[in-house]
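Biologist: Got a minute to go through this structure with me? I'd like to take the strands, the helices and the ligand shell in turn.

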Amino acid sequence: MVKKYKRTIRHNKLYIMMKRLVSKLVLCGDLAVGKTSIRRTYFGDGFIRDHLSTLGADFAIKRIKIDENTQLELQIWDLAGQPGFESLRKRFFKGAGSVMLVFDLTRRETFENLDYWFSQLWAASPNQSMVVAILGNKNDLEKHTVKPEEVDRYFEKLRTKYGLEKNQMRYYETSALTGENIEECFQFVSNALLQEIKMQN
Ligand SMILES: Nc1nc2c(ncn2[C@@H]2O[C@H](COP(=O)(O)OP(=O)(O)OP(=O)(O)O)[C@@H](O)[C@H]2O)c(=O)[nH]1
Ligand SMILES: [Mg+2]
């Protein structure tokens, strides 16, 4: 779901019509998979070695310039992976246009729990045009417990179960520590959302 706003900016007696597209992106996944680290790396806020568990949710806004007159505003909700925030989470899920489902490549159970996260999101915000990026994080660590083919099979399941489109989903192996694929996965989400708008118009 992408909301559209128009704003007029007065600049040296020139009036420019700005189109502002606003969309909500939710970062979710198990405890300590690296959601906050991914967000911090994307914003250039630096990597923190300690695990400072998110309480409830953190919020950040990224404004992406599309062209001279168009801006995409991603409202990013970074949710706590800790159990106990379920009822709170539902509120944050509402109206999401895209989701980053994050797991830790070295802990297989965090991949297996992605289905729990997605079904929670879908129950709170059924939306036929959801953009889904799956991030296998901590790619800088050696011991990988999930193969890319398994993620492909999970995408297949999302397609059949929720009717999502193939071009709305992508898998990235990321590292918040080295920055690998962090910019790319946000770029994918932004492009897929813009594609969606073009299809609607
Ligand atoms: N090696 C490595 N460690 C990472 C990476 N991303 C996060 N970490 C570490 O993993 C731990 C958890 O990171 P967070 O970003 O706090 O995880 P989270 O998913 O936000 O956790 P919650 O908010 O509790 O749900 C921290 O100690 C980070 O330093 C990564 O890409 N590589
Ligand atoms: Mg966190």
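Modeller: What follows is a walk through a predicted model.

Biologist: OK, strands to begin with. Which way do β3 and β4 run, parallel or antiparallel?

Modeller: Antiparallel, and 10 bridges join them. Strand β3 covers residues 57–67 and β4 covers residues 70–79. A hairpin of 2 residues links the two strands.

Biologist: Which residue in β4 stands opposite Ile-61?

Modeller: That's Gln-75. Ile-61 also has Glu-73 at 6.8 Å, C-alpha to C-alpha, with their positions 12 residues apart in sequence.

Biologist: And Glu-73 itself, which strand is it in, and how many other C-beta atoms lie within 10 Å of it?

Modeller: Glu-73 sits in β4. There are 16 other C-beta atoms within 10 Å, so Glu-73 counts as partly exposed.

Biologist: What about Trp-77, buried or exposed?

Modeller: Buried, because Trp-77 has 21 C-beta neighbours inside 10 Å, and the cut-off for buried is 20 or more. Trp-77 belongs to strand β4 too. Its C-alpha is 4.8 Å from that of Val-26, although the two are 51 residues apart in sequence.

Biologist: Switching to β6. How many of its residues are buried?

Modeller: 7 of the 7, so β6 is largely enclosed by the rest of the structure. Val-131, Ala-133, Leu-135 and Asn-137 point one way, while Val-132, Ile-134 and Gly-136 point the other way.

Biologist: Why would the directions swap like that along a strand?

Modeller: Because side chains in a regular strand alternate between the two faces of the sheet.

Biologist: Which strands does β6 pair with?

Modeller: Strand β5 (residues 96–104) runs parallel to β6, with 7 bridges joining them. Strand β7 (residues 169–173) is also parallel to β6, joined by 5 bridges. Leu-135 is a handy landmark in β6: Val-102 stands opposite it, and Leu-135 in turn stands opposite Tyr-172 in β7. Likewise, Ile-134 is opposite Tyr-171 in β7.

Biologist: How does the chain get from β6 to β7, and is the crossover right-handed or left-handed?

Modeller: The chain goes through helix α5 (residues 148–162), and the β-α-β crossover is right-handed.

Biologist: Let's stay on α5. How far apart are its end C-alpha atoms?

Modeller: They're 21 Å apart, which agrees with the 21 Å that its 15 residues should span at 1.5 Å a residue.

Biologist: Which residues of α5 are buried?

Modeller: Val-151, Tyr-154 and Leu-158. Looking down the axis of α5, the buried residues fall within an arc of 55 degrees, so they line one face of the helix. On the other side, Glu-149, Arg-153, Glu-156 and Thr-160 are exposed.

Biologist: And α4, which residues are buried there?

Modeller: In α4 (residues 114–124), Leu-114, Trp-117, Phe-118 and Leu-121 are buried. Their arc around the axis is only 95 degrees, which puts them on the same side of α4. Tyr-116, Ser-119 and Ala-123 are exposed on the other side.

Biologist: How about α6, what span should it have?

Modeller: With 19 residues at 1.5 Å a residue, α6 should span 27 Å, and the 28 Å between its end C-alpha atoms agrees. The buried residues of α6 include Cys-185, Phe-186, Phe-188 and Glu-196.

Biologist: Different topic, backbone angles. What phi does Lys-138 have?

Modeller: A positive one, about 75 degrees, although Lys-138 isn't a glycine. Most residues other than glycine have a negative phi. Lys-138 is in the loop between β6 and α5, and with 25 C-beta neighbours inside 10 Å it counts as buried.

Biologist: And what's the phi of Asn-181?

Modeller: About 65 degrees, so to speak on the positive side, and Asn-181 is not a glycine. Asn-181 lies in the loop between β7 and α6. This residue is buried, with 22 other C-beta atoms within 10 Å.

Biologist: Last one, the ligand. Which residues come nearest to ligand 1?

Modeller: Of the 24 residues around ligand 1, Gly-34, Thr-36, Ser-37, Thr-54 and Gly-81 come nearest.

Biologist: Which helix gives the most to that shell?

Modeller: Helix α1 (residues 35–42), with 3 residues. By type, the shell around ligand 1 splits into 9 nonpolar, 10 polar and 5 charged residues.

Technical notes: Residues are numbered from 1 along each chain as its sequence is written. Chains are lettered from A and ligands numbered from 1 in the order in which they are written. This is a predicted model: local features need pLDDT of at least 70, side-chain atom pairs count only at pLDDT 80 or more; totals for chains, interfaces and linings use all residues. Two strands pair if DSSP finds at least two bridges between them. Helices (H or I, at least four residues) and strands (E, at least two) are DSSP runs, numbered from the N terminus. A residue is near a molecule or strand if its C-beta atom, placed from the backbone, lies within 6 Å of it. Ala, Val, Leu, Ile, Met, Phe, Trp, Tyr, Cys and Pro count as nonpolar, Asp, Glu, Lys and Arg as charged, and the others, Gly among them, as polar. A crossover is right-handed if, with the strands pointing away from the viewer, the path from the first strand over the helix to the second runs clockwise. The expected span of a helix is 1.5 Å times one less than its number of residues. A residue is buried if 20 or more other C-beta atoms lie within 10 Å of its own, exposed if 12 or fewer, and partly exposed in between; C-beta atoms are placed from the backbone. The arc is that of the directions from the helix axis to the C-beta atoms.
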